[in-house]
Amino acid sequence: MQKNILKSGITLSELGLGCMSLGTEYAHAEHIIETALDSGITYFDTADIYDKGINEDIVGKVLRKYQHRDDIVVGTKVGNQLQPNGEMIWNPSKSYIKENVKYSLQRLGLDQLDIYMLHGGTIDDPLDETISAFEELKEEGWIRAYGISSIRPNVIRYYLAHSNIDVIMSQFNLIDHRPEMLVDEIHDKGVKILARGPVFKGLLTQNYQSILKEKFADGIFDYDGATLAHTMETLHDITPHLTALSFDYLKSFDALGSIIVGASSAEQLRDNVAQFEQKITPEILEQARNSVKSIAYTQHLS
């Protein structure tokens, strides 16, 4: 599998496993993670809030068996603080970030975290304080690299200008291609994109017709329901391999670090890997891109 290198020297498999949908049954999650490893996936993405920390614990327990391998990379996220009453509050403070990393490391069974990301963020955050927390964690050896998971252009641009981030995670696929407007800026800073939601809630799969009815009946972005349905039919006429199409669209960007696919079963993951390995010609890719609306971020621009 293609590997992409971050500016910190960390190497990511171009297809990564998003661990949020693994569930809380250890044996089931173990089978999915081991299927990923057998398929050449070496990047695993989790977060402290997934199943209230259980996800980190399971990921750590499974991967502990592979400590002899130096190619496995784990990323997790911070910023959403769980309260005793079960509520979640946003907390991007330095004190919380620097304290919470120790709990994530403990659950993951690691001495050092590969990638630590802010799990959201707004332009009203104490941005410089937050950045300094990650910088200090890196200097102190708790983490190797850091980044941000965000779809807000103003936040992304601030981090690009004022931090040493390695990665930016954003929803990115052939339909929701809003990050295109930021790709050149991201690439110029040597930062890599972690593209989440590559199949867009199942829309960019062979099940697109049922997904249209279940999740996109009213359309989305600049699409009304009928226009989106017509667009999906057009894409399917171009090629029925919609997932492979979205994957190859993302692979076309030099700024790509890893495409993060979620999986709730080993079978689903194997299907994603097969689609990832399928090649779409540049001509088909261009035709497909010209068949979808050009959209851009309209909020959080300043």
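These legends describe close-up views of a predicted model.

**View 1. Helix 3 packs against helix 4.**
Helix 3 covers residues 94-108, and helix 4 covers residues 127-139. Their axes come within 8 Å and cross at roughly 30°. Angles under 35 degrees count as roughly parallel, so helix 3 and helix 4 fall in that class. The crossing of the two helices is right-handed. On the helix 3 side, the contact uses Lys94, Ile97, Lys98 and Val101. On the helix 4 side, it uses Glu129, Thr130, Ser132, Ala133, Phe134, Glu136 and Leu137. By class, the contact of helix 3 with helix 4 has 5 nonpolar, 2 polar and 4 charged residues.

**View 2. Tyr116 and Phe134 form an aromatic pair.**
The structure holds 8 aromatic pairs. In the pair shown here, the ring centres of Tyr116 and Phe134 are 5.7 Å apart. Their planes stand at 65°, so the pair is edge-to-face. The pair links distant parts of the chain. Tyr116 sits in strand 8 (residues 113-119), whereas Phe134 belongs to helix 4. The two are 18 residues apart. Tyr116 has 0% relative accessibility and counts as buried. Phe134 also counts as buried, at 0% relative accessibility. Tyr146 joins Tyr116 and Phe134 in one aromatic cluster. Phe134 is also one of the helix 4 residues that meet helix 3.

**View 3. Phe172 and Phe253 pair across two loops.**
The ring centres of Phe172 and Phe253 lie 5.4 Å apart. Their planes are at 35°, so the pair is tilted. Phe172 is in the loop between strand 10 (167-171) and helix 6 (180-188). Phe253 is in the loop between helix 9 and strand 12 (256-262). The partners are 81 residues apart, and their pair links distant parts of the chain. Phe172 counts as buried, at 2% relative accessibility. Phe253 has a relative accessible area of 17%. Buried means under 20%, so Phe253 is buried.

**View 4. Helix 5 packs against helix 6.**
Helix 5 covers residues 153-162. The axes of helix 5 and helix 6 are 11 Å apart, at an angle of about 5°. The two helices are therefore roughly parallel to each other. Helix 5 brings Pro153, Ile156, Arg157 and Leu160 to the contact. Helix 6 brings Met181, Leu182, Glu185 and Ile186. By class, the contact has 6 nonpolar, no polar and 2 charged residues.

**View 5. Helix 9 is largely enclosed by the rest of the structure.**
Helix 9 runs over residues 242-251. Of its 10 residues, 9 are buried, so the helix is largely enclosed. The buried residues are Leu242, Thr243, Ala244, Leu245, Ser246, Phe247, Asp248, Tyr249 and Leu250.

**View 6. Helix 9 crosses helix 11.**
Helix 11 covers residues 282-289. The axes of helix 9 and helix 11 come within 10 Å and cross at roughly 95°. That makes helix 9 roughly perpendicular to helix 11. From helix 9, the contact draws on Leu245, Asp248 and Tyr249. From helix 11, it draws on Ile284, Leu285, Ala288 and Arg289. By class, the contact of helix 9 with helix 11 has 5 nonpolar, no polar and 2 charged residues. Leu245, Asp248 and Tyr249 are among the buried residues of helix 9.

**View 7. Thr239 sits in the loop between helix 8 and helix 9.**
Helix 8 spans 225-238. Thr239 has a relative accessible area of 5% and is buried. Leaving aside its neighbours within four places in sequence, Thr239 is in contact with Leu245, Ile280 and Ile284. Leu245 and Ile284 also take part in the contact between helix 9 and helix 11.

**View 8. Asp57 lies in helix 2 and touches two arginines, Arg64 and Arg107.**
Helix 2 covers residues 54-63. Asp57 counts as partly exposed, at 38% relative accessibility. The contacts with Arg64 and Arg107 do not count residues up to four places away in sequence. Asp57 and Glu286 are 229 residues apart in sequence. Their C-alpha atoms are 42 Å apart in space.

Conventions:
Residues numbered from 1 in each chain as written. Predicted model: local features only at pLDDT ≥ 70, side-chain atom pairs only at ≥ 80, totals over all residues. Heavy atoms only, no water. Axes fitted to C-alpha atoms, helices over the stretch in contact; angles between N-to-C directions. Parallel < 35°, antiparallel > 145°, perpendicular 65-115°, else oblique. Left-handed = near helix turned anticlockwise from the far one by under 90°. Contact = heavy atoms within 4.5 Å. Nonpolar A, V, L, I, M, F, W, Y, C, P; charged D, E, K, R; others polar. Buried < 20%, exposed > 50% of the residue type's maximum accessible area, 1.4 Å probe, protein only. Phe/Tyr/Trp six-rings, centres within 6.5 Å; stacked < 30°, edge-to-face > 60°.
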